[in-house]
Amino acid sequence: MLSDEAEVFYGGYVIYALVDPRNGAVRYIGLSINHRQRLAGHLGRPRNRRLSLWLHKLRAVEKKPRMAIIGFAEDEEEAKEEEHRWIVLYRRSGADLVNA
């Protein structure tokens with residue numbers, strides 16, 4: 001991973017991982033232009049049921065996921081390709097991702 005909650009001043013897309021603070025496991029891969037705002041959206045009302053259940057379990061023990069920046073992309077098409085590449089990589093390595 002490139003950075004934990006890094007200050008990113010970048011004009012494109014960020015590929016990020018949400019990490020379980022209890023065990024360091026990567027549980028979600030996503031992309032965003034504004035990663036901090038996206039994290040707030042996840043914590044507020046996630047649309048993904050599996051993500052919502054995982055976040056609920058974290059809240060029950062007063063924890064929040066860590067966000068780690070794992071990549072960058074210049075445009076949306078490249079960002080989607082990078083996001084998919086990371087999802088495949090983590091799933092092949094055995095990660096229990098909650099991505100839909």
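The pLDDT is the predictor's confidence in each residue, on a scale from 0 to 100. In this predicted model, the protein chain has a mean pLDDT of 89, and 90% of its residues reach 70 or more. Confidence is lowest in strand β1, residues 3–4, where the mean is 44, and highest in helix α3, where it is 97. The pLDDT is below 50 over residues 1–9. Beyond near neighbours in sequence, this stretch nevertheless has 28 contacts in the model.

Helix α3 comprises 17 residues, 76–92. The distance from its first C-alpha to its last is 24 Å, close to the 24 Å expected at 1.5 Å a residue. Ala79, Glu82, Glu83, Trp86, Ile87 and Tyr90 are the buried residues of α3. These residues lie on the same side of α3, because they cover an arc of only 140 degrees around the axis. An α-helix has 3.6 residues a turn, so residues three or four places apart point the same way. The buried residues of α3 pack against three strands, β2 (13–19), β3 (26–32) and β4 (66–73). Glu77, His84 and Arg92 are exposed and sit on the face of α3 turned away from its buried side.

Both ends of α3 show local features. At the start of the helix, a side-chain oxygen of Asp75 comes to within 3.2 Å of the backbone nitrogen of Glu77. Just after α3, Gly94 adopts a positive phi of about 100 degrees.

Strand β3, one of the elements against which α3 packs, contains Arg27. With a relative accessible area of 14%, Arg27 falls under the 20% limit and is therefore buried. Apart from residues up to four places away in sequence, Arg27 touches Leu18, Asp20, Trp54, Asp96, Leu97, Val98 and Asn99. The side chain of Arg27 reaches the backbone oxygen of Asp96 at 2.6 Å. Arg27 and Asn99 are separated by 72 residues in sequence, while their C-alpha atoms are 7.8 Å apart in space.

Asn99 is also in contact with Asn48. Asn48 is located in the loop between α1 (35–44) and α2 (49–60). Its relative accessibility is 15%, so Asn48 counts as buried under the 20% limit. The side chain of Asn48 reaches the backbone nitrogen of Leu51 at 2.9 Å. When neighbours within four places in sequence are left aside, the contacts of Asn48 are with Tyr28, Val98, Asn99 and Ala100. Val98 and Asn99 are thus among the residues touched by Arg27 and are also in contact with Asn48.

Note on methods:
Residues are numbered from 1 along each chain as its sequence is written. This is a predicted model: local features need pLDDT of at least 70, side-chain atom pairs count only at pLDDT 80 or more; totals for chains, interfaces and linings use all residues. Side-chain values use heavy atoms; hydrogens and water are left out. Helices (H or I, at least four residues) and strands (E, at least two) are DSSP runs, numbered from the N terminus. The expected span of a helix is 1.5 Å times one less than its number of residues. Buried means under 20% relative accessible area, exposed over 50%, partly exposed in between (1.4 Å probe, protein chains only). The arc is that of the directions from the helix axis to the C-beta atoms. Contact means heavy atoms within 4.5 Å. A polar contact is a pair of N or O atoms within 3.5 Å; within protein, one must be able to donate a hydrogen and the other to accept it, and residues adjacent in sequence count only if both atoms are side-chain atoms.
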